[in-house]
Amino acid sequence: MSVKIYYTTVTASREVKSQQAEVMRILESKSIQFELIDISQDSSLREEMRAKAGNPTAVPPLVFNGDQYCGDYNMFAEAVEDDAVEKFLKLA
C-alpha cells in the first residue's frame, strides 16, 4: 500500500493551497513517502477521488492509503494533534 494525496495545482483558494502544503510538509518531516495525484490534470481524477471518498462534493487535499480512504485535511490535522499520523494513514 502507498499513501496517496489527491491535490490540485489549479485553485484560487489560499486555504486549499495552505492545507495541501501542510499535509506534504508534515509527511515529509516524518519521512513518509507519498504519491501526489493532481486532479486538475484530468476531471476523471476528481471524480475518482470523490467516488473513493464517498463524497460527491469532496475537495482536496484528500488522503488515501492505496484505494482506502483515510480522510480529509481536518481529519489529518486532528491526527497530527493527537500524534497519530501513522494510525490515520493506516500504516500502524
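**Close-up views of a predicted model**

**View 1. Strands β1 and β3 run antiparallel to each other.** In this predicted model, β1 (residues 3-7) and β3 (residues 62-65) are joined in antiparallel pairing by 4 bridges. To find one of these strands' partners, start at Val3: its bridge partner in β3 is Asn65.

**View 2. Helix α1 packs on the sheet.** Stepping along from the pairing of β1 and β3, we meet α1, which spans residues 14-29 and touches β1, β2 and β3. The direction of α1 makes about 160° with that of β1.

**View 3. Four strands form an open sheet.** Reading across it, the order is β2-β1-β3-β4, and the pairing is mixed. At the edges sit β2 (34-38) and β4 (68-72), each of which pairs on one side only. On average, neighbouring strands here are turned by 25° against each other, with direction ignored.

**View 4. Helix α2 has three buried residues to look for: Met49, Arg50 and Ala53.** The helix itself covers residues 43-53. Where do these buried side chains point? Viewed down the axis of α2, the buried residues fall within an arc of 95°, so they line one face of the helix. An α-helix has 3.6 residues a turn, so residues three or four places apart point the same way. The partners of the buried residues of α2 are β1, β3 and β4, against which they pack.

**View 5. The two ends of α2 each deserve a close look.** At the N-terminal end, Asp42 acts as the cap, with a side-chain oxygen 2.9 Å from the backbone nitrogen of Ser44. Just after the helix comes Gly54, which takes a positive phi of about 70°.

**View 6. A cis peptide bond links Pro60 to Pro61.** Its omega is near 0°. Follow the chain between α2 and β3 to find Pro61, which lies in that loop.

**View 7. Ser31 has a positive phi without being a glycine.** The phi of Ser31 is about 55°, and the residue belongs to the loop between α1 and β2. Is Ser31 buried or exposed? Ser31 is exposed, and its relative accessible area is 68%.

**View 8. Asp83 is another residue to visit for its backbone, with a positive phi of about 55°.** Like the residue named in the previous legend, Asp83 is not a glycine. Look for Asp83 in the loop between α3 (73-81) and α4 (85-88). With a relative accessibility of 61%, Asp83 counts as exposed.

Definitions and conventions: Residues are numbered from 1 along each chain as its sequence is written. This is a predicted model: local features need pLDDT of at least 70, side-chain atom pairs count only at pLDDT 80 or more; totals for chains, interfaces and linings use all residues. Side-chain values use heavy atoms; hydrogens and water are left out. Two strands pair if DSSP finds at least two bridges between them. Helices (H or I, at least four residues) and strands (E, at least two) are DSSP runs, numbered from the N terminus. Axes are lines fitted to C-alpha atoms, for helices over the stretch in contact, and angles run from 0 to 180 degrees between N-to-C directions. Contact means heavy atoms within 4.5 Å. Buried means under 20% relative accessible area, exposed over 50%, partly exposed in between (1.4 Å probe, protein chains only). The arc is that of the directions from the helix axis to the C-beta atoms. A polar contact is a pair of N or O atoms within 3.5 Å; within protein, one must be able to donate a hydrogen and the other to accept it, and residues adjacent in sequence count only if both atoms are side-chain atoms.
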